[in-house]
Amino acid sequence: MNFQILDADYVTEDTAPVVRLFGRAEDGKSVCCYVPGFEPYFYVNASDELDLICKLIKERFDVVKNVEIVQRFEPVGYQKSKKSMIQVTTYEPRHVPEIRDDILQIPGVMEVYETDILFRNRFLIDRELHGMGWVSVSPSQEAHQGGKIYCDTVCLDRQPAEVDKLPNAPLKFLSFDIECLPIGGSMPSPDESPVIMISLTFAPAYNGHDSIVLVAKPVSGAGPDVESLQNEESMLKRFFEILRDYDPDILIGYNINDFDIPYISDRIKFLADSGTNINSGSGRDGRPMSYRKIGTMTMISMAGRVVVDVLPLVRSQFSLKRYTLRNVAKELLDREKLDVAPSEMEDHWNDEGEKLLKFIDYARRDSELAMELVMKLQLLDRYIAISRVSGSLLQEVIDGGQTSMVENLLLRECRIRDRVIPPKPDDNLVYSRNKNSEGLKGGEVLEPKKGLLENVVILDYKSLYPTIMMAHNLCYSTVVEKDIPGEGETITPPSGGRFVTADVSKGIMPAILENLLNRRIETKKRMKDISNEDEYKALDATQLAMKILLNSFYGYAGYTRARLYSLTLANAVTSFGRENILTTRSLIEDTIHTIYLKDGNSYLQSEIASDPLNKDISLSVVYGDTDSVFVQCTGKTEISLEDAELVGKKISGIVSASLPDPMELEFESIAKRALFIAKKRYAIWVFERFGDGWKDGIKVKGMETVRRDWCELTSKTLNRVLELVLKAGEVEAAVQHVRKVVDSIRNLDVTKDRDIIDDLTMTRMYSKRREHYKNKQPHITVAEKMEQRTGSLPPVGERIPFVIIAGKDLFVNRAEDPEYVRENNVPIDVDYYVKKQILPPVERILGVFGVDLVNLDYDSKQTGLSDFTAGPSEKKIRRSVPRTSDIGGQPPNSGSQSSLFDF
DNA sequence: GGTAGTACCTAA
DNA sequence: TAAGTTAGGTACTACC
């Protein structure tokens, strides 16, 4: 039988650990496989007298089952040979952390290694199994008789082996959402407010239901997808009954980690304290779900299943102004969330008819939306692929950061190469690392040639940092710290330090990266001749996972909480990167200099005889950031996209040939027009190959249109300006447009059109606890105002919307909650929006063309606009445009979404 | 009026 | 048992 590993843990039977692998089989059955015979261990590094220390450990600690002297490399530094170390095996996994500190106290003991690897991970790593990987268990084994297990199949196997299989098992997804009845309209609390409804959405369907809403009171006139229960107690019981019966692999919800799951858990505890016991068993081992608060995060665990809170996933993958389910559903699914306002809940709940039915349907929508987000946006595919490639369990990949996956890969490769890994650094070590961490320098950003440019070829380095590590054999295992290699056997990066060459000793990290890179290329190749859509998607997710993993190693090396932290290594990588982009620039400008085009081919001067019919194009690097170069092409005649493409490919070929393998400068795209405002701020009209033709679009980087702390009005106005300037070259039309916008704001009657508030709303993240703010911030003032009004402060991490209202006070004090402004007809600070939100960003763009700011605004007391003049750098030209003239081409937006500013 | 310090968000 | 990294622009405020 084959099944896919969803989760793993262990139980103790007769003082010996037995690993449990939970999963879903090909035939759809859920499986729990018991694996006995795997033992916990760790390493001890001591000076001399290993035999004596072995004996001491064995005598002193009765939880030690065995000690053995083994040969291993130390974690960091090039070493010519392995070292004798002690491998200590204990009876139970918990014994490892129990004795490690005492062992460190033994005279002669210097370090302990791998003392904090979770047992389930230790098992997966050593047996070369992977999260979400397929394993085969032989059919001959007897069923295991352990505990109360909610699985279709319970089996026993000492040696489950991984099998190669791409598609996922027929996984079952259950999405849920709870509704609580707030007492007096305030935030519900588990020891006061009952859970009144639970909505469930199933994929695939459960007994013919796609969704069910459980209601904790009698309901009449509801459809078949509503289950009415007598009271809260029987509803909660029913919820867990369905959960166990449906037996989902993935439990989904929106904000369930921080709300629904802790709420249910606490509510059950509260009910139990008042004498009502509910079987809340929900894991595959029949135990309840549990949660722990770690810092600001809540960690959920449920044996055998994976808990997926959609909120953090959406947060990390989409840049949105707000992450309420309402806004996310609207932005990403184009779906409306249905809501009963908290103040009306009680009224709806106490109703017997239509209002109650409406409430029920509204509740249903929430679990449907969470499910839809996961399915339609394929939110899990990438995590499943990362789990399979890195080996970490899916739950860890979803909850954790890059650390767990990088460490998982490192542990696997190091184990094969007999190299041990240190434990996570303690607070003191982290502190001392942080103190010195100013020593890590990053990428090089070239000063852009500001202004409007034409024919800019864009090239970038493919996976720059990973390829640098491979090319120069940069690794923890190659850095020279302990043993001294021979003459000429080392590489010295621009940042200093020394690394042995791959000929002397191939680095572990370069090996991992090379493997990932090659597999990614192979996966991409396979994608080309595959017609099955699911398989294509799985391969695509796999190649993306490999890309993510490739790019995670550099950051890990410079991360102060990493087990393996090396400033020398991280600095080596970035210093090669900086050197590289600078060399690339001079190679392009000084060595290549000009490219000659003839009959659809490109040549260097040395490759071609001078001929007046040739098209010569001279090159200039106008911008570059870390791994990219923007090359402006100038010629005596018009340069076509095809010409620019030839140039780009020629540059790519020449530069790549000059680089060590596998570094590669890739031709990316062509900017027909490009506008550079500052470092990290530009807009380009970009063309990319699309089959035989070209696909074009405007790409904006860093400017206000892509920033969430500017209002929508700014984005819309700026986008229009950029489009006019870049695509049509129509500066005048752009000026005209801005005037029209300014005019509209100046004449705004906010009391009449309250929808405009949406366009004037800015958002900022409430990023740290209030007491840590040294200065007042607009969004924090709003958060405080909201606290006064509703009694609760928004949680840290939430994005807070605000508008600026009229008044004489300081800016920060005039920030106000948009909802409050809408409801109370609070006047908006029109002048702020014109002078601070529209004009400065617009001027940064139009200033390039000599348009002066004063000509874009007029004082509200004046009746009209004066003519505007060119700026000091340009010739004075009259570019007056009648205010009433039409812009043309862009019909005004109509329909319910329209706004005053959609010109 | 210039400038230092804080905060935020983005590029890579 | 929380968390990959640095570079860089812009706005606001307090302060000289």
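Me: How are α20 and α25 oriented to each other, parallel or perpendicular?
Reply: In this predicted model, the axes of α20 (residues 712–728) and α25 (residues 830–846) cross at roughly 20°. Angles under 35 degrees count as roughly parallel, so α20 and α25 are roughly parallel to each other.

Me: Within what distance do the axes come? And is the crossing left-handed or right-handed?
Reply: The two axes come within 9 Å, and α20 passes α25 in a right-handed crossing.

Me: Which residues make that contact?
Reply: From α20, the contact uses Leu713, Thr714, Thr717, Leu718, Val721, Leu722 and Val725. From α25, Gln837, Ile838, Pro841, Val842, Ile845 and Leu846 take part. By class, ten of the contact residues are nonpolar, three are polar and none is charged.

Me: Turning to the DNA: how many residues surround strand C, and which are the closest?
Reply: DNA strand C is surrounded by 29 residues, and the closest are Ile294, Thr403, Gly442, Tyr559 and Lys679. Of the strand's atoms within 4 Å of the protein, 77% belong to sugar and phosphate.

Me: Which element supplies the largest share of that surface?
Reply: Helix α25 does, with four residues. β16 (290–294), α12 (402–416) and α17 (552–557) are also among the elements that each supply at least two.

Me: What is the make-up of that surface by class?
Reply: The surface near DNA strand C has twelve nonpolar, eight polar and nine charged residues.

Me: Where does Thr403 meet the strand, and what about Arg844?
Reply: A polar side-chain atom of Thr403 lies 2.6 Å from a phosphate oxygen of DNA strand C. For Arg844, a side-chain N or O atom is 3.4 Å from a phosphate oxygen of the strand.

Me: Which part of the strand does Arg707 approach, base or phosphate?
Reply: An N or O atom in the Arg707 side chain is 3.3 Å from a base nitrogen of DNA strand C.

Note on methods. Residues are numbered from 1 along each chain as its sequence is written. Chains are lettered from A and ligands numbered from 1 in the order in which they are written. This is a predicted model: local features need pLDDT of at least 70, side-chain atom pairs count only at pLDDT 80 or more; totals for chains, interfaces and linings use all residues. Side-chain values use heavy atoms; hydrogens and water are left out. Axes are lines fitted to C-alpha atoms, for helices over the stretch in contact, and angles run from 0 to 180 degrees between N-to-C directions. Angles under 35 degrees count as roughly parallel, over 145 as roughly antiparallel, 65 to 115 as roughly perpendicular and the rest as oblique. A crossing is left-handed if the near helix is turned anticlockwise from the far one by less than a right angle, and right-handed if clockwise. Contact means heavy atoms within 4.5 Å. Ala, Val, Leu, Ile, Met, Phe, Trp, Tyr, Cys and Pro count as nonpolar, Asp, Glu, Lys and Arg as charged, and the others, Gly among them, as polar. A residue is near a molecule or strand if one of its heavy atoms lies within 4 Å of it. A polar contact is a pair of N or O atoms within 3.5 Å; within protein, one must be able to donate a hydrogen and the other to accept it, and residues adjacent in sequence count only if both atoms are side-chain atoms.
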